[in-house]
Amino acid sequence: MTEIVMPRLSDTMEEGTILRWLKQDGEHVERGEELVEIETDKANMTYESDQEGTLQIVAREGDTLTVGQTIAHIGESEPKGVATVKQEETPRAEPIREERVKASPVARRAARENDVDLQTLSGTGPGGRIVKADVDAARKTPAAAPAPPALGDVATAKGESTVHELSRTQQTIARRMAESKATIPDFTLHMEIDMERCVALRAELKRLAEPAPPTYNDMIVKACALALREHPRVNASYRDARFQLHARVNVGVAVASEDALVVPTVFDADAKSLGEIARETRALAERVRDGSITPPELGGGTFTVSNLGMYGVHSFTAIVNPPQAAILSVGALEPRAVVQAGDSGDGGEIVVRHMLTVTLACDHRILYGADAAQFLGRVRDLLEQPAALTL
């Protein structure tokens, strides 16, 4: 008889929630067969059995257990005491079997919460996969809004309220960000970057019939990766009154998902070409949005880039993602009037250039002002002379 425990599916995972058993209690399980869907602090993931035998479920769907706790047994006979306990348990309704339905984990959770049968839906995602938008479209029309409360009725002055429970991912983000603000003595640096030559580079790549030319954010990721290699102290983590310098440069790229901010990782970004980074970031963003991203793709980051420029945000300060040393916030690329010095260095003229404001938030326990400024200056130099990004 083999004990199956809650696995550690990411480097920060402390506990997980059983979302759905993919095999029934008492059913025979083959080695490598999908066994259970687990919600972790970073994503939903399907766990495969590494044993063969008869499944005896211990943890029910919806149960949250810490890493290492028993969730099931696999073997040929009941372990002592298990049969008696199971006889006393309240019988559970058989879950709807959705194994043959192609749907993202987010869509499956939305379907359960809103009593939508996935079997009745047609997916609009890649390869006919059902995504959350398909579930939302199938939901019943909301009930009519209640009549406005009588004047002075303080209890209902705000109208009818609904309570939304945070998902495990949202809870983890909230906890980690609160810990970051409470424990990290951070400081920020702001810098203006002239992106005129990056604009010209991207236009040239388009002219060469590049099917999906790198975005400006891809260029920023590449510039950060090269600068991190030259300034290893920025590519560090703080743990237990010491910091670690990492040999690999793994840049996390913040992506807005349906209900959270998720940060997939571009591993060894300093060693990848600009085109490779562009293709990888697009693929990662797609997997985040359709719910198929896996915990290994969300871990191992040594630095993070967060970009809100596409929303017209001029500049902002992101929260340091512990235990990383720093995070770069990227604002909107926009034409601005700047003073361009003359050849003699005296005076100058006002010209319009494509400019970008970036903000580097740093953990002062690892980085000091001069370290951070030198790193940020190198990022600026690489973006203002972007030929090095294409090598």
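**Notes on a predicted model**

1. Asp290 is placed in the loop that runs between H7 and E16. Its relative accessible area is 12%, and because that value falls under 20%, Asp290 is buried. The side chain of Asp290 is joined to that of Ser292 by a polar contact of 2.6 Å. As with everything that follows, this is read from a predicted model.

2. For a reader new to the structure, the overall counts may help. The secondary structure of the protein comes to eight helices and 19 strands, and 44% of its 391 residues count as buried. If one takes the contacts between residues at least 6 apart in sequence, 62% of them join residues at least 24 apart.

3. Where are the residues with the most contacts inside the largest nonpolar core? That core has 51 residues, and the ones with the most contacts inside it are Val251, Phe303, Leu328, Leu360 and Leu383. The largest share of this core, nine residues, is supplied by H6. Apart from it lies another core, which has 18 residues, including Val29, Leu55, Leu65 and Ile74.

4. Helix H6, which covers residues 216-230, has 15 residues and reaches 21 Å from its first C-alpha to its last, close to the 21 Å expected at 1.5 Å a residue. H6 is mostly covered, since 12 of its 15 residues are buried. Among the buried residues of H6 are nonpolar ones such as Met219, Ile220 and Val221, but Asn217, Asp218 and Lys222 are buried in this helix as well. An α-helix has 3.6 residues a turn, so residues three or four places apart point the same way.

5. Helix H8, at residues 369-384, can be checked for length in a similar manner. Its 16 residues should span 22 Å at 1.5 Å a residue, and its end C-alpha atoms are 22 Å apart, which agrees. The buried residues of H8 are Ala372, Phe375, Leu376, Gly377, Val379, Leu382 and Leu383, and they pack against strand E9 (186-194), helix H5 (196-207), H6, E16, E17 and strand E19 (349-363).

6. Leu383 deserves a separate entry, as it is both a buried residue of H8 and one of the residues with the most contacts inside the largest nonpolar core. When its neighbours within four places in sequence are left aside, Leu383 is in contact with Ile193, Asp194, Met195, Cys198, Met219, Ile220, Ala223 and Leu389. Of these partners, Met219, Ile220 and Ala223 are among the buried residues of H6.

7. How many aromatic pairs does the model hold? The count comes to one aromatic pair. The ring centres of Phe303 and Phe375 are 5.6 Å apart and the ring planes stand at 65 degrees, so the pair is edge-to-face. Because Phe303 lies in strand E16 (residues 303-307) and Phe375 in helix H8, the pair ties together parts that are 72 residues apart in sequence. Both Phe303 and Phe375 are buried.

8. Two arginines sit over tyrosine rings. The charged end of Arg202 sits over the ring of Tyr216, at 5.5 Å from its centre, while the charged end of Arg365 sits over the ring of Tyr238, at 3.8 Å from its centre.

9. Some backbone angles merit a careful look, given that most residues other than glycine have a negative phi, and most peptide bonds are trans. Ala241, in the loop between strand E10 (236-239) and strand E11 (242-245), has a positive phi near 60 degrees, and with 69% relative accessibility it counts as exposed. Asp268, in the loop between strand E15 (265-266) and helix H7 (274-289), also has a positive phi, of about 50 degrees, but is partly exposed, with a relative accessible area of 27%. The peptide bond from Pro322 to Pro323 is cis, with omega near 10 degrees, and Pro323 is found in the loop between E16 and strand E17 (326-330).

10. A last point concerns Asp136, which belongs to helix H3 (residues 132-138) and counts as partly exposed at 33% relative accessibility. Although Asp136 and Ala107 are 29 residues apart along the chain, their C-alpha atoms are separated by 8.8 Å.

Technical notes:
Residues are numbered from 1 along each chain as its sequence is written. This is a predicted model: local features need pLDDT of at least 70, side-chain atom pairs count only at pLDDT 80 or more; totals for chains, interfaces and linings use all residues. Side-chain values use heavy atoms; hydrogens and water are left out. Rings of Phe, Tyr and Trp (its six-membered ring) pair if their centres lie within 6.5 Å; planes under 30 degrees apart count as stacked, over 60 as edge-to-face and the rest as tilted. Helices (H or I, at least four residues) and strands (E, at least two) are DSSP runs, numbered from the N terminus. Buried means under 20% relative accessible area, exposed over 50%, partly exposed in between (1.4 Å probe, protein chains only). A charge sits over a ring if NZ of Lys or CZ of Arg is within 6 Å of the ring centre and within 35 degrees of the ring normal. The expected span of a helix is 1.5 Å times one less than its number of residues. A nonpolar core is a set of buried Ala, Val, Leu, Ile, Met, Phe, Trp, Tyr and Cys residues joined through side-chain atoms within 4.5 Å. Contact means heavy atoms within 4.5 Å. A polar contact is a pair of N or O atoms within 3.5 Å; within protein, one must be able to donate a hydrogen and the other to accept it, and residues adjacent in sequence count only if both atoms are side-chain atoms.
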